[in-house]
Amino acid sequence: MTLTACIQQKPVTIGFVASLTGSTSELGVNGRNGLMMAVEEINDAGGINGRTVEVVVKDDQNDPETGLAVDQELYEDGVSFIIGHMTSNMAALSIPFVNSKDMLMINPTMSATTLFNQDDHLIGVVSPNSDQAAVIKASMVKNGGEKKVAVIYESQNLAYTGTVKDGIAREIVPLGGQIIYEEAFLSGSNPNYLDITQRVSNTNPDSIVILASSFDAAMFCQQFYKLKNQTPVYLAAWSMNNDLLLQGGGAVEGVTITSLIDLDSRIPTYTAFREKYLSKYGAEPTFAAVYTYEAAMILFDAMAEANSNDPETIKNTIIKKSTYQGLQSDIIIDGYGDASRTIYEYVVKDGQFKKAE
Amino acid sequence: MRRIKKLRDFILINNMLSIIIPLILVGLLVTPLIYNYLVKDMQEKNTMIAATIAQRMADFIDESFQVLYQINHLLEDGTLTDGVAIESYMNAILENSDSIEGFEILDADGMVKVNAPQNANILGANRSSQPFFAEVRATRRPFVSSSFISQQTGQPTITIAIPQAEGVLVAYLNLEEISMLSLNHIKTFGDAVTVAITDGNGVFISNKDINKVYQREIEANYQSIHPEVEIEDQIHTFTYEGKTAMVSHADVDNADWHVFVYESYDSIYAALRPFLGIMLLFTCLLVLFSRIIARLVFKDINHSFGELNQQTKEIAAGDYHPINTDNRFDEFNRLTENFNGMVASVKERDEALKVLAYYDSQTRLPNAAYLAESLNQLILDNREKIAVICFDIHNFKRINDTFGPSFGDKILEMMGTRLLALKCSHGFVARINGSNFIRVLTDLENPENAVAEIERLRSVFNRAMTFNENNVYLRFHVGIALYPDDARDVEELLQYANTAADMAKQRGRAQYAFFENTMKQNLLRNMMLENSLRSALDNNEFFLHYQPQIDVKNKKIRGFEALIRWDHPQLGMVSPLDFIHIAESTGLIVPIGAWVLETACRQIITINHKMGTDIMISVNVSPVQLSHEHFPEMVEDTLKRCGLEPELLELEITENLFIHSFEEAIKIFDRLKQIGIRMSLDDFGTGYSSLAYLKNLPIDTLKIDQAFTRDLLTKKSNENLMESIIMMAHTLHMDVIVEGVEELEQLDCLKTYQCDHVQGYYFSRPIGESQLEKLLNELNKD
């Protein structure tokens with residue numbers, strides 16, 4: 001009894017790592033907000049088997065080297081569980097480190113297809129980018145624009161943007177389509193949005209795909225708007241947040257965007273979460289907030305069930321259970337610790353996201 | 001059991017407690033008051049700081065707005081018309097401003113018409129969805145946005161906007177600068193307080209930790225501190241990084257911003273500490289002060305106690321003096337008064353006890369205990385000679401018996417009165433016991449002084465004692481022992497004086513005797529005799545001699561008188577005169593007498609058997625023996641055991657028997673006569689020789705003392721006396737035996753007077769048993 005009481009009193013410390021500063025911090029800040037709600041909820045409910053949860057928050061500054069350094073810091077502080085990172089470009093250095101140290105990383109939003117089907121120390125709650133690519137392809141087909149596709153993609157997060165781009169290419173090739181133009185840019189370096197859009201416009205594509213953060217995507221849209229280019233624009237889930245609407249204004253009207261969450265969901269668990277989030281942060285929860293919340297809940301659930309601190313045991317427990325109730329739908333986790341989720345398609349209409357018909 | 005405490009400790013501790021406890025109570029009461037005061041003070045102060053900073057922020061925003069209004073004014077009055085002029089004016093402002101990072105002029109559709117610094121990407125962009133456009137367009141009022149991360153600078157930023165013509169004029173403000181502004185401002189309030197500013201969602205706009213601004217962290221307790229409905233004067237206390245802090249806040253009027261001022265409670269404790277320190281110091285000083293006062297107070301009390309203690313100690317040691325203490329306390333005075341009362345009553349009781357212990361109640365003279373102590377003291381103190389004069393009333397017991405014990409008591413009382421009236425100086429008179437008195441005479445120059453004193457005492461004794469019309473003249477025998485000539489200690493002095501008195505008694509009436517050394521030897525001899533007398537019977541040291549009693553008419557033996565002899569192993573033959581009185585005084589006479597009786601009876605039976613005679617045996621009996629309650633039974637038993645006819649036994653008693661109690665003597669005589677034995681009165685003529693009582697006694701034989709026989713032939717009157725006695729005896733039907741007949745003339749004379757029997761050397765001195773047969777044969781052959 002005394003022993004259990006002792007263990008119960010010692011808090012569970014987990015790490016959270018994401019980009020919290022700079023131009024890509026929107027994803028990380030929203031993810032942190034979602035995580036904090038999960039932690040607040042579990043602690044209000046008495047913690048994990050009586051142990052409260054504490055979070056150590058680290059900023060990877062969207063830089064793989066910094067990401068590795070903060071992972072190392074967490075490891076040295078005795079933290080075995082990390083929720084993060086949020087952008088796929090962090091995976092290249094982080095995942096080998098986590099594997100080598102037998103830590104466990106629960107990944108909310110890294111969806112680079114290359115991360116999937118690997119026997120590693122990574123559990124994901126997000127679908128692979130190939131799924132997004134399939135949805136984007138389907139939209140193009142619907143609009144009859146799958147033949148000549150131009151792609152603008154962010155190069156720092158190439159792990160993400162590259163796999164989406166490659167996925168789209170893979171999807172359209174069988175239909176006789178192809179990527180006729182592609183151009184990379186580096187976020188945060190004051191890219192010359194106007195020149196890029198002009199080059200893209202000059203290729204006369206059927207469809208334009210922009211794989212970038214919401215701000216960058218909005219900026220490109222602004223340029224197309226200024227050029228009065230009416231070519232359908234397709235955005236990936238990375239751009240899917242309110243900032244797109246704020247920054248884009250009228251320029252993003254009619255843009256098609258994949259969404260990892262159902263913004264119109266009436267599932268009670270989600271509406272409750274949404275209300276709470278709104279009141280706490282004064283903003284709509286983004287997919288980053290939802291997925292990070294879910295990632296944390298899956299970790300807490302497994303820790304409670306296994307009543308263990310061992311990353312390997314927790315990983316196996318998560319894989320063994322396989323089906324988790326997400327905020328909006330079930331999350332199925334396969335033997336590699338990879339998830340498969342429904343991808344939604346939205347269109348910006350009247351300054352709002354509207355689910356595509 | 002109650003623990004015994006020291007009064008000093010008790011006073012000190014109680015004194016201390018009486019100071020410490022109220023102080024602690026005051027401390028307990030005052031500390032929370034002070035604490036509450038400090039908390040309230042801190043809250044007021046910090047709320048003021050928050051309000052000051054909030055005002056500062058409002059001023060800052062106002063100033064920023066003023067910039068926008070100024071630009072707007074220039075645009076409207078046509079000072080700035082073309083884009084280049086506007087841009088250069090704006091750039092000039094940007095260069096001079098720390099906080100403003102950019103301007104945008106939007107047209108009625110939200111299109112960026114002009115921007116500074118110039119950015120082709122932004123120029124012409126659609127801002128219609130931005131709140132700074134949508135809200136200003138809708139309300140035509142100035143607008144302040146919430147914070148966001150600028151994509152140009154990557155830093156936290158807000159926008160402010162005002163209506164401009166149909167469109168909107170927007171400025172971008174760097175939050176880092178704002179944060180620095182508020183942090184600089186808070187520095188003037190010291191290290192104890194920190195400040196933070198949040199926007200309307202609780203997201204930090206300013207924080208000491210700038211990362212919180214960059215990461216758009218939310219003030220953890222924003223919703224509690226800044227609830228929808230504010231409660232007046234509520235003190236917000238929360239824990240930040242393990243420290244409890246008070247949070248005060250104020251709102252920035254012209255923006256939905258909130259200023260929070262934090263101060264750890266440590267500063268309250270730090271403020272309380274000096275107060276508690278002073279309190280503690282004060283307590284210590286008071287305790288010290290109280291100790292000094294208590295010591296001074298106790299010094300007085302201790303003095304009184306010490307006095308009392310010392311004096312009671314003296315009293316306990318026997319010095320019964322009243323306590324005389326000089327002190328300031330009424331309680332002590334009452335205590336000493338009571339104590340003195342007690343001492344007085346103890347003293348009184350002591351005196352009474354002393355009287356009881358040292359004085360004889362009958363005579364009111366000092367008693368034996370007094371004598372022993374005083375004489376001892378005199379010996380210790382006095383270098384002069386002391387005479388111890390012992391005087392004893394002669395035959396006091398007889399007076400008692402004759403006139404009754406109350407008469408005796410009365411006589412003693414009168415003696416006491418007379419002796420006290422004598423006012424003996426140089427010593428005192430004490431009554432030792434019974435009729436025995438001691439005069440201690442000090443400062444004796446020579447023994448004649450003692451004789452003179454005796455004469456003085458005699459004047460007391462020689463006057464008749466009269467009580468109930470009975471007149472009695474007392475006679476005394478007096479003995480004197482001298483200190484230091486005769487003895488040097490009390491016991492010996494008393495013993496020797498007594499011995500001398502006894503000697504005087506033996507010598508004759510109303511005589512005195514000084515103690516002599518021979519008496520001492522006599523005393524020693526008597527002591528030795530007394531010691532060896534106890535074992536003499538067991539050691540068969542006694543034996544009997546027999547003296548024949550001869551019938552005057554036919555010269556035949558009537559009987560023998562058994563006479564005890566003692567063959568002492570060291571002293572040789574001891575005379576009965578020397579040891580019988582010792583045997584009497586020690587009570588040994590009883591077993592010795594019994595032995596004599598039995599031995600004599602057995603002897604006479606043996607002789608009578610052998611010789612075929614009926615010779616009688618006479619045995620002397622001491623008055624002590626006779627007064628022994630089982631004496632008659634003993635005689636009876638002895639006769640039976642030996643088988644002697646009672647009429648052959650004659651017990652000889654002396655007149656002394658009657659001195660004590662005549663009535664008692666008659667009873668014993670009657671009892672003995674019942675056995676059938678004969679009774680004989682021995683030594684007639686030496687004692688009282690009262691003829692009066694002779695007729696009342698059942699006496700068979702009268703033995704006339706040899707003193708009469710000795711003088712018989714010298715004077716005619718003696719002959720007549722002898723004849724008269726014999727005649728009287730015969731008249732009373734008594735046989736007569738005359739003792740001490742040593743000559744034929746005496747025998748012849750006695751024969752003339754019809755004397756029945758004689759005893760004496762003329763016929764035979766006392767002889768041993770072995771010679772009995774021979775004597776019988778000689779005397780009876782005729």
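Colleague: I would like to learn how strand pairing is read, so which residue in β11(B) is the bridge partner of Ala196(B)?

Modeller: In this predicted model, the bridge partner of Ala196(B) in β11(B) is Phe260(B). A single bridge is not enough to call two strands paired, since at least two are needed between them. Here strand β7 (residues 193-198) of chain B is joined to strand β11 (residues 257-264) of chain B by six bridges, and the two strands run antiparallel.

Colleague: What is the order of the strands in the open sheet of chain B that has antiparallel pairing?

Modeller: The order is β8-β7-β11-β10-β9 (chain B), which makes an open sheet of five strands. To find the edges of such a sheet, one looks for strands with a single partner, and in chain B these are β8 (204-206) and β9 (236-240), so each of them has one side without a neighbour in the sheet. If direction is ignored, neighbouring strands of this sheet are turned by 40° against each other on average.

Colleague: Which strands of chain B do helices α1 and α4 lie across?

Modeller: Helix α1 (residues 7-76) of chain B lies across β7, β10 (243-252) and β11 of chain B, and its direction is at about 40° to β10(B). Helix α4 (residues 175-187) of chain B, in turn, lies across β7 and β8 of chain B, running at about 60° to β8(B).

Colleague: At which residue does helix α7 of chain B bend?

Modeller: A bend is read as a change in the direction of the helix axis, and in helix α7 (residues 266-316) of chain B it is about 25° at Leu272(B), with a proline, Pro274(B), following within four residues. Just after α7(B), the backbone at Gly318(B) takes a positive phi of about 110°.

Colleague: Let us turn to chain A. What is the strand order in its open sheet with parallel pairing?

Modeller: The five strands of that sheet come in the order β2-β1-β3-β4-β5 (chain A). Its edge strands are β2 (53-59) and β5 (122-124) of chain A, each of which pairs on one side only. Neighbouring strands in this sheet are turned by 25° against each other on average, direction ignored.

Colleague: How many bridges join β1(A) to β2(A), and how many join it to β3(A)?

Modeller: Seven bridges join β1(A) to β2(A), and these strands run parallel; within β2(A), Glu54(A) is the bridge partner of Thr13(A). On pairing with β3(A), also in the parallel sense, β1(A) makes three bridges, and there Phe16(A) stands opposite Ile83(A). Strand β3 (residues 81-84) of chain A is in turn joined by three bridges to strand β4 (residues 104-107) of chain A, where Leu104(A) is the partner of Phe81(A).

Colleague: Is β1(A) mostly covered or mostly uncovered?

Modeller: A residue is called buried if 20 or more other C-beta atoms lie within 10 Å of its own, and six of the seven residues of β1(A) are buried, so that the strand is mostly covered. For the whole of chain A, buried residues make up 56% of its 357 residues, while in chain B the share is 34% of 782 residues. Phe476(B), which is found in strand β17 (residues 476-483) of chain B, is a single example: it has 25 other C-beta atoms within 10 Å and is therefore buried.

Colleague: At what angle do helices α11 and α12 of chain A pack?

Modeller: Helix α11 (residues 287-306) and helix α12 (residues 311-321) of chain A pack at about 105°, with their axes 9 Å apart. Angles of 65 to 115 degrees count as roughly perpendicular, and α11(A) is therefore roughly perpendicular to α12(A). Among the residues that make the contact are Ile298(A) and Met303(A) of α11(A) and Ile314(A) and Ile318(A) of α12(A). By class, this contact of α11(A) with α12(A) has six nonpolar, two polar and one charged residues.

Colleague: How many residues of chain B are in contact with chain A?

Modeller: On the side of chain B there are 19 residues, in contact with 25 residues of chain A. The residues of chain B that touch chain A divide into five nonpolar, 12 polar and two charged.

Conventions:
Residues numbered from 1 in each chain as written. Chains lettered and ligands numbered in written order. Predicted model: local features only at pLDDT ≥ 70, side-chain atom pairs only at ≥ 80, totals over all residues. Bend = angle between axes of the 7 residues up to and from the residue. Axes fitted to C-alpha atoms, helices over the stretch in contact; angles between N-to-C directions. Parallel < 35°, antiparallel > 145°, perpendicular 65-115°, else oblique. Contact = placed C-beta atoms within 7 Å. Nonpolar A, V, L, I, M, F, W, Y, C, P; charged D, E, K, R; others polar. Buried ≥ 20, exposed ≤ 12 C-beta atoms within 10 Å, placed from the backbone.
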